[in-house]
Amino acid sequence: MGAEEDKQKSIPVLPWMRSPIDVSSFDECPLTLLPCLDPRLKVALENMEISSLFPVQLAVWQETIGPGSFERDLCINSPTGSGKTLAYALPIVQMLSTRSVKCLRALVVLPTRDLALQVKEVFSAIAPAVGLSVGLAVGQSSIADEISELINRPKLQLGVSFDPEDFLPELQSSVDILVATPGRLMDHINNTKGFTLEHLCYLVVDETDRLLREAYQSWLPTVLQITRANDESFLPCAQTFLPSPFSLKTIRRSGLERGFKGKPYPRLVKMVLSATLTQDPSKLAQLDLHHPLFLTTGQKRYQLPEKLQSYKLFCESKYKPLYLVALLQSLGEEKCIVFTSSVESTHRLCTLLNSFDNLPFKIKEYSGLQRQSVRRH
Ligand SMILES: Nc1ncnc2c1ncn2[C@@H]1O[C@H](COP(=O)(O)OP(=O)(O)OP(=O)(O)O)[C@@H](O)[C@H]1O
């Protein structure tokens, strides 16, 4: 294939992908210079030893809290390690920080439990600073325990007798933000009383490529259908709706005046992220994006720290373990992480290394073979 043909092939089909925002043109931004940052969140970030925002975080801030003000759905293509989690967590938490009534307003979906746990940790480090709670639906605990974490059941008052027929306690969400894997999310959608996406304002699809590659019990069409159904059921009452301080209904008015061409407004804002975002129109169509804005750093898959040096060692594959042992020995006391391509190779390599009894270091296995509780310590 000629170079010209190659170039042709890499031009995205979708027009909005052809004029992206170049994230690499942004610099890091010290928190002291970040416009509109809630001071409570600034303190929370400083407690995490974060003193400036990475380029992707600044670019997203500009399109959400900054002049972009969440008007468009965001598609973010940025390498692993570039700080995508905080890029969406910070604006969402800041936007929800003024809400006083608790209900589920932001949903973040990730393909695996480990990733969901990492993302939950980031939200948990900043959300409580502005009075928001974060929940996790990943199947780490029993469904009953998870439900009691996510749903608040008001207790019956002592001494007051209720006819069980008349009394249906109002179930409310205990969390404002939920981080979930698709399977457990579907369990709650289908079976958990009081679990509702009715008030959802933000949907984040992290590791989008992976989530679009597999259907995962059709979680995406289900979530979109539920949120669309909310839009439709609210639309007829949009003209006659009188705001009430006690109403929890999110009224997604038709936003003609804002150029939303009859789409409901406020709408469900979507942010989709990946290190290798697909350009396949049929895959992206599944997300039903609104006037999407593409933010990208190009084709880079990984973001390596500037001072990291890398070396390659060439050898025949049958000698790989021996070279590895020699390399580890030469590194002496340094801590090392060895990555392999599968759970099985990790297990094999670990068994092999442990069979040398004169190595001056301890070897620990870390893969999906270990239970979650072991992996976290
Ligand atoms: N502004 C920041 N200042 C300092 N460290 C940061 C900042 N933002 C993120 N980090 C740290 O950088 C690392 C990478 O961040 P993160 O995991 O969000 O990257 P990512 O782009 O989401 O990667 P992945 O594709 O693996 O999910 C994390 O250890 C995180 O704590």
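Four short exercises with worked solutions follow.

The model is predicted: local features need pLDDT of at least 70, side-chain atom pairs count only at pLDDT 80 or more, and totals for chains, interfaces and linings use all residues. Residues are numbered from 1 along each chain as its sequence is written.

**Exercise 1. The ligand shell**

Find which residues are closest to the ligand, and which elements supply the shell.

Solution.
- Step 1: collect the residues whose C-beta atom, placed from the backbone, lies within 6 Å of the molecule. This shell holds 14 residues.
- Step 2: pick out the closest, namely Ile 50, Thr 80, Gly 83, Lys 84 and Thr 85.
- Step 3: assign elements, taking helices (H or I, at least four residues) and strands (E, at least two) as DSSP runs numbered from the N terminus. Two or more residues come from each of β3 (52-53) and α5 (84-96). The largest share, three residues, belongs to α5.
- Step 4: sort by type. Nonpolar means Ala, Val, Leu, Ile, Met, Phe, Trp, Tyr, Cys and Pro; charged means Asp, Glu, Lys and Arg; the others, Gly among them, are polar. The shell has five nonpolar, eight polar and one charged.

**Exercise 2. Packing of α4 on α5**

Describe how helix α4 (residues 55-64) passes α5.

Solution.
- Step 1: fit axes to C-alpha atoms over the stretch in contact, with angles from 0 to 180 degrees between N-to-C directions. The two axes come within 8 Å and cross at roughly 25°.
- Step 2: classify the angle. α4 is therefore roughly parallel to α5 (under 35 degrees; over 145 is roughly antiparallel, 65 to 115 roughly perpendicular, the rest oblique).
- Step 3: assign the hand. The crossing is right-handed (near helix turned clockwise from the far one by less than a right angle).

**Exercise 3. The faces of α8**

Decide which residues of helix α8 (residues 182-191) are buried.

Solution.
- Step 1: count other C-beta atoms, placed from the backbone, within 10 Å: 20 or more is buried, 12 or fewer exposed, in between partly exposed.
- Step 2: Pro 182, Arg 184, Leu 185 and His 188 are buried.
- Step 3: look down the axis. The buried residues fall within an arc of 165° (directions from the axis to the C-beta atoms), so they line one face of the helix.
- Step 4: turn to the other side. Asn 190 and Asn 191 are exposed there.

**Exercise 4. Positive phi**

Locate Ser 69 and Gln 217, and give their phi values.

Solution.
- Step 1: recall that most residues other than glycine have a negative phi.
- Step 2: Ser 69 has phi near 35°. Ser 69 sits in the loop between α4 and β4 (74-77). With 11 C-beta neighbours inside 10 Å, Ser 69 is exposed.
- Step 3: Gln 217 has phi near 55°. Gln 217 lies in the loop between α9 (208-213) and α10 (219-234). With 14 other C-beta atoms within 10 Å, Gln 217 is partly exposed.
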